[in-house]
Amino acid sequence: MKFVPDLKKLSALTAKIKRLKMDIGFVPTMGALHEGHFSLINKARKENDIVIVSIFVNPAQFGRGEDFKKYPRSFKKDIAACRKLGVDFVFLPEKEDMYPQGYSTFIDLEGLSGRLCGAFRPGHFRGVATVVTKLLNIIHPDTLYLGQKDAQQAIIISRMIKDLNFPVKVRILSTQRQKDGLALSSRNAFLSKKERAGATVLFKALQLAEFLISNGQRDSGRIISRMKELIQKNKQARIEYIAIVETGQLKDIKKVEPGCLIALAVKIGKTRLIDNTIIGCA
Ligand code: AMP
């Protein structure tokens, strides 16, 4: 495995891979890799000739007062993990290479970027869409691997790829969880022992919603209030939002329908966690 800090070198390398007619699977990450990332890397490994992972804590997707500075960074461990998983190239760009002085082009998706998490993290998805666009243009992968854990991100990137005619397939893989249901996330490292124990409320609330739906409940408002009641029993938890939406424009729906998304963001102490589920009711 090679690690490539240089943007031009990576472009030259991917051009060569293309000339050799080999498939590139690409997994963009912000590092602090865990089993969630590993599942994407493993799938990419199985489905492609060449696997490229990027590790870049993208400043453009963090708002003022957010955790850019203290976002967990463990590059050495990450590189060792990538090596073990059979990654071919790890791209570790510098912030100054991605956003040199005078940088002024950003990608924003009307409507979608401002909903759910976007309403609480203005500019976040603009940063995400911009960095993914840049990475796609640098790497030219055949397939892009994303996690369902960040459902809105996956929807936004898929939309952008369609809208801007990027010649890349998107694979969205299921959320990897700990035994008690907590979705794996680099930010889980911020939780104290007590907070960690309480952080299962997100998954429990989603399970409650699924249970109510499987027993015939279709009223989004009622489902959301039951989820709120459950979460509010945990005194460390502060709900940012709970939403039941369709997956095209992420607009609220009054009645649950097959394929809709239930998403929530909850602060446990100071740590903001998100989770979601896609409903498969008939
Ligand atoms: P991040 O490093 O948090 O930007 O995540 C990089 C990629 O890994 C994104 O596509 C995430 O959706 C995905 N990912 C993060 N956590 C999980 C998880 N628990 N299960 C599956 N995919 C995940």
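**Entry 1: strand 2**

I began with strand 2, residues 24-29. Five of its six residues are buried, so the strand is largely enclosed by the rest of the structure. I note at once that this is a predicted model.

I then looked for its partners. Strand 2 pairs with strand 3, residues 50-55, in the parallel sense. I find six bridges between them. For a register mark I took Pro 28, which stands opposite Ser 54 of strand 3. I followed the chain through helix 2, residues 35-47. Strand 2, helix 2 and strand 3 form a β-α-β unit, and the unit is right-handed.

Strand 5, residues 143-147, is also a parallel partner of strand 2. Here I find two bridges. Phe 26 has Leu 144 of strand 5 as its bridge partner.

**Entry 2: strand 5 onwards**

I moved on to strand 6, residues 169-173. Strands 5 and 6 run parallel and are joined by five bridges. Tyr 145 is bridged to Arg 171 in strand 6. Helix 7, residues 151-163, carries the chain from strand 5 to strand 6. I logged this β-α-β crossover as right-handed.

**Entry 3: the ligand**

Which residues come nearest to the ligand? I list Met 30, His 37, Asp 150, Gln 176 and Leu 184, out of 17 residues around it.

I checked the polar contacts next. His 37 places a polar side-chain atom 2.8 Å from a ligand oxygen. A polar backbone atom of Gly 147 is 2.9 Å from an oxygen atom of the ligand. At Leu 184, a polar backbone atom lies 2.8 Å from a ligand nitrogen. I then looked up the cover. The ligand alone exposes 490 Å², and the protein buries 93% of that.

Which elements give two or more residues to the shell? They are strand 2, helix 2 and strand 5. Helix 2 gives the most, with three residues. I sorted the shell by residue class. Six residues are nonpolar, nine are polar and two are charged.

**Entry 4: two buried loop residues**

I went to Asn 48, in the loop between helix 2 and strand 3. Is Asn 48 buried or exposed? Its relative accessible area is 7%, and the cut-off for buried is under 20%, so Asn 48 is buried. A polar atom of its side chain lies 3.4 Å from the backbone nitrogen of Gly 25. I note that Gly 25 falls within strand 2, residues 24-29.

Leu 250 sits in the loop between strand 7, residues 237-245, and strand 8, residues 261-268. Its relative accessibility is 2%, so I count Leu 250 as buried. I also took a C-alpha to C-alpha distance to Cys 260. The two are ten residues apart in sequence and 9.1 Å apart in space.

**Entry 5: positive phi**

I looked up two residues with positive phi. Lys 21 is not a glycine, yet its phi is about 60 degrees. I place Lys 21 in the loop between helix 1, residues 7-19, and strand 2. With a relative accessible area of 72%, Lys 21 is exposed.

His 140 is not a glycine either, and its phi is positive at about 50 degrees. I find His 140 in the loop between helix 6, residues 124-139, and strand 5. His 140 has 44% relative accessibility, so I enter it as partly exposed.

Note on methods: Residues are numbered from 1 along each chain as its sequence is written. This is a predicted model: local features need pLDDT of at least 70, side-chain atom pairs count only at pLDDT 80 or more; totals for chains, interfaces and linings use all residues. Side-chain values use heavy atoms; hydrogens and water are left out. Buried means under 20% relative accessible area, exposed over 50%, partly exposed in between (1.4 Å probe, protein chains only). Helices (H or I, at least four residues) and strands (E, at least two) are DSSP runs, numbered from the N terminus. Two strands pair if DSSP finds at least two bridges between them. A crossover is right-handed if, with the strands pointing away from the viewer, the path from the first strand over the helix to the second runs clockwise. A residue is near a molecule or strand if one of its heavy atoms lies within 4 Å of it. A polar contact is a pair of N or O atoms within 3.5 Å; within protein, one must be able to donate a hydrogen and the other to accept it, and residues adjacent in sequence count only if both atoms are side-chain atoms. Accessible areas come from the Shrake-Rupley method with a 1.4 Å probe; for residues, only the protein chains shown count as cover. Ala, Val, Leu, Ile, Met, Phe, Trp, Tyr, Cys and Pro count as nonpolar, Asp, Glu, Lys and Arg as charged, and the others, Gly among them, as polar.
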